[in-house]
Structures are given as structure tokens and as C-alpha cells.
Amino acid sequence: MRKNFIASRRRLGLALTVAPLMGAVPSLRAATRPDPANGSTIILGQSTSLTGTFARIGTEYRNGALLYFERLNAAGGVRGRSIKLLSSDDGYSSDRAIANTKRFVEAEGVHALFGYFGTAVTSACLPASTDRRVPLFAPYTGADSLRRDTNRYLFHIRASYGQEATKIVEHLHTIGIESVAVAYQADAFGRSGLDGITSATQRLGRRPVIAAQLAIAPQVDVAGAVVAVSKANPQVVVLITSGKAAVEFIRRYLQTGLSAQFYGTSVVSSNELLTDLGTNSKGIVISQVLPSPWNGSIPISRDYLAAKEAAHDQSPATYGEFEGYVAARTFSEGLRRVVGDFSRESIVNGLESLGELDLGGFRVSLGPGRRLGSTFVDLSIISQGGRFLR
């Protein structure tokens, strides 16, 4: 029975995920379906990385959201309406994400867009969200460029990369580290994170000893960045990378025989570092935008762990999955505050009415003109035993 439950849940995840992709990148302006105010199901569209360099963390986030939505649906949904998450792979391609978004908005008639993965993807699809007045909730990006102006249809949950960078740099300053290098991936996320580190160090009258760019497309290539950083021989290397790129950089750097302490931002994929690097992950410091998912004394963490146990989900708890779970729960709290039909505009109003929401150890602040959700940032370190310690 237990195995059948797990298998059925995995099949459900695949059914919700593997949707056909559009070939060309069409216009998103012509409507073919009205605002889906009525119906028994609230439909969400998610374009995310389920294959490629960032597949693991994209899958974790989606699974966390499914974990909460399935639990909520089993309890009767929201005012008797279930929530259906349509997750489609974009492989971290903006063109594919735009095609997914067109299908979600026009053919599927989604109520909202949810949990898009990456700065470039979110930036590419935001104009369609805004133009068609479809809320885009909790994208997996901390880009400050997406936070400078308040957009009625864009809601953030996680802290910004600038806030993460400030936390890391201030910590390094406190412990007396002066020689800091940055390795960043060649995309919008990498440049945003680099800007955050550079700004934070300049406020302290310093600058990184070197900023080395590494490639992630068409494939991961860290060789040049490893050579450049190793020549500088810094005390600390801050990684503005994620997934396989972070793992490969650390692995190749350690082969030089040099020693440095590695720091990474929350999108580095903590679990991937741990599983792929093994004992070499010891001592890596990572900024986190959520409390520890393993801390049973924190109500929201305890709720997440209880949901995994109830679903007989034996996969390890991860920060990525926990973030998807928290995003799904926050969105559902917004749905509970919707007045009248579940139209796209009424959902925006419901999310705005959340105000100061305490989820139990993690607070979210949303309202008219407030879209930044959380400023929570903390540092964790991977221990000898493979645990994330505060």
C-alpha cells in the first residue's frame, strides 16, 4: 500500500509536469480564453527547470508545492475548490518559458502563474503576466532588478540577492576576511548576484580581488574561472552559481591543491552540493532565505516535515522543496482571503490582503504597494556529518 501511494504520487507529479511544449515563440497578446473566474478547480501554471543544469533544484521546488497542494486538496481545498499545478519544463530557456506561458494563459486559462524558476525566465515572462493581468507568484529568483519597481501582478516571497550578499559580506568583514573572490555564472542571475556582492563590499571600502565568469550554456564550463580564481589564491570564494556549475567549480578548484572557504547564495542547491561533493562539502557556508527545514521547534518546518511523513514521502527534506512548500502555503492563504469568485483580479486582491502573515517562524509581508514578501536571510554551514548548521 505504501509503495503504491508513493508510486501514484510520482505518477501524478509527472502528469502535472510533462506538458507539450510550443515550438515557436508566439505573441502573448491575443486572448483566446476569458478570465477563469468560475469552475471547480483553481489552475496554476509553472514554467521551471526539470531538465538540464538546474533540474534538481527546479524539481525540488515543484515537489514541495505539490506536497502542500495535495495535502490541501485532500482536506477539501479552498472553499471546496481543488488546486491543480500544471508544471512544464523549460530547461532554463526563456524562449521555451514564453511558449509555456502562452499556453498557460490562453489554452489552459490558468488563474495564476506560480513558482517560475530563474531570473532570466521570470524577466522574459513578466511582460506577459503584466499585460494579461495574470498574477505571477513566488518566482525562484532574488534579482534586485525585479524588485526595484512595484508591479501589481508580481509577488515575491524570498529575500533579494542584494540582501543575501550583504549578509555574506558583513559576516566576512566581522571575522576579518579581506581576500574575497567571486565566481559567477554568465547569465542574469550571475550578474545580479555579482552586483550585490560588489555593492556590499564597496560599502565597506573594499572590492573582490577578482570576479571570474563561468559558462553554463550550451554546457557547464568552469575551467577558465578556476584558473583565474586560483591565480588570485583568495581566502574565500563566493559562488554566484547554482546546480551542477557550483559542484563542478568546487571539484575542479580543489584539484589545484589550493585551499579556500566556499560561500554560496541560497540558489546554490544545498542538497546537490552535499550529495555530489560528499565530504568535500564540509565547511561550505550558504546564505538561506528560509529557516532550517529540519528544525522541529519551528512550526512551519514542523508542518513541512509532518506533511512529508503523512504522504509517506521518504525523499530527504531540502531547502528547495521547503521553499516550494512555503510558497504554496502562502498562496493558499491568499486564496482563502478572496472575496467572491476566483478571478485573476480577486486573487491579486486576496494576496494583497495577507498583510503581516506569520506562518510559524517565517513571516511574509504583502499588501497594496508591498510585493517583497520577506527579508529573512541567515547563514548555514555544512558540517562533517553532512548536516546544515546555523
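**Exercise 1. Determine which strands helix 6 lies across, and how the sheet around strand 6 is ordered.**

Solution. Begin with the helix: helix 6 (residues 188-203) lies across strand 6, strand 7 and strand 8, and runs at about 160° to strand 6. Here the axes are lines fitted to C-alpha atoms, for helices over the stretch in contact, with angles from 0 to 180 degrees between N-to-C directions, while contact means heavy atoms within 4.5 Å. Helices (H or I, at least four residues) and strands (E, at least two) are DSSP runs numbered from the N terminus. The model is a predicted one, in which local features need pLDDT of at least 70 and side-chain atom pairs count only at pLDDT 80 or more, whereas totals for chains, interfaces and linings use all residues. Residues are numbered from 1 along each chain as its sequence is written, and side-chain values use heavy atoms, with hydrogens and water left out.

Next, place the strands in their sheet, taking two strands as paired if DSSP finds at least two bridges between them. An open sheet of 7 strands has the order 7-6-8-9-10-14-15, with mixed pairing. Its edge strands are strand 7 (210-214) and strand 15 (388-389), each of which pairs on one side only. Finally, look at one pair inside the sheet: strand 6 (residues 180-185) and strand 8 (residues 236-240) run parallel and are joined by 5 bridges, and A181 stands opposite V237 in strand 8.

**Exercise 2. Describe the sheet formed by strands 11, 12 and 13, and the helix that lies across it.**

Solution. The 3 strands form an open sheet in the order 11-12-13, and their pairing is antiparallel. Strand 11 (355-358) and strand 13 (370-373) stand at the edges with a single partner strand each, so one side of each has no neighbour in the sheet. Neighbouring strands of this sheet are turned against each other by 20° on average, direction ignored. Strand 12 (residues 363-367) is joined to strand 13 by 2 bridges, and the bridge partner of G367 in strand 13 is R370. Helix 12 lies across strand 11, strand 12 and strand 13, at about 130° to strand 12.

**Exercise 3. Check the span of helix 3 against expectation, and establish what encloses the helix.**

Solution. The expected span of a helix is 1.5 Å times one less than its number of residues. For the 14 residues of helix 3 (residues 94-107) the expected span is 20 Å, and the end C-alpha atoms are 19 Å apart, which agrees.

Then consider exposure, where buried means under 20% relative accessible area, exposed over 50%, and partly exposed in between (1.4 Å probe, protein chains only). Of the 14 residues of helix 3, 10 are buried, so the helix is largely enclosed by the rest of the structure. The buried residues pack against strand 1 (41-48), strand 2 (82-89), strand 3 (112-114), helix 4 (119-132) and helix 12 (344-352). Just after helix 3, G109 takes a positive phi of about 60°.

Strand 1, one of these packing partners, is itself mostly covered, with 7 of its 8 residues buried. Strand 1 pairs with strand 2 in the parallel sense over 8 bridges, and S47 stands opposite S88 in strand 2.

**Exercise 4. Identify the contacts of two buried polar side chains, Y304 and S332.**

Solution. Take Y304, which is in helix 10 (residues 299-310) and is buried, with a relative accessible area of 0%. Leaving aside residues up to four places away in sequence, Y304 touches L67, P293, A317, T318, E321, F322 and Y325. A polar atom of the Y304 side chain lies 3.3 Å from the backbone nitrogen of T318.

Turn to S332, found in helix 11 (residues 319-336) and likewise buried, with a relative accessible area of 0%. The side chain of S332 reaches the backbone oxygen of A328 at 2.8 Å. Again not counting residues up to four places away in sequence, S332 touches Y68, F69, L72, V78 and I83.

**Exercise 5. Work out how helix 9 is covered.**

Solution. Helix 9 (residues 270-277) is mostly covered, since 6 of its 8 residues are buried, namely S270, N271, E272, L273, L274 and L277. These buried residues pack against helix 2 (55-74), helix 8 (244-254), strand 10 (285-288), helix 11, strand 14 (378-382) and strand 15. Just after helix 9, G278 takes a positive phi of about 60°.

Terms used:
Polar contact = N/O pair within 3.5 Å; in protein donor to acceptor, adjacent residues only side chain to side chain.
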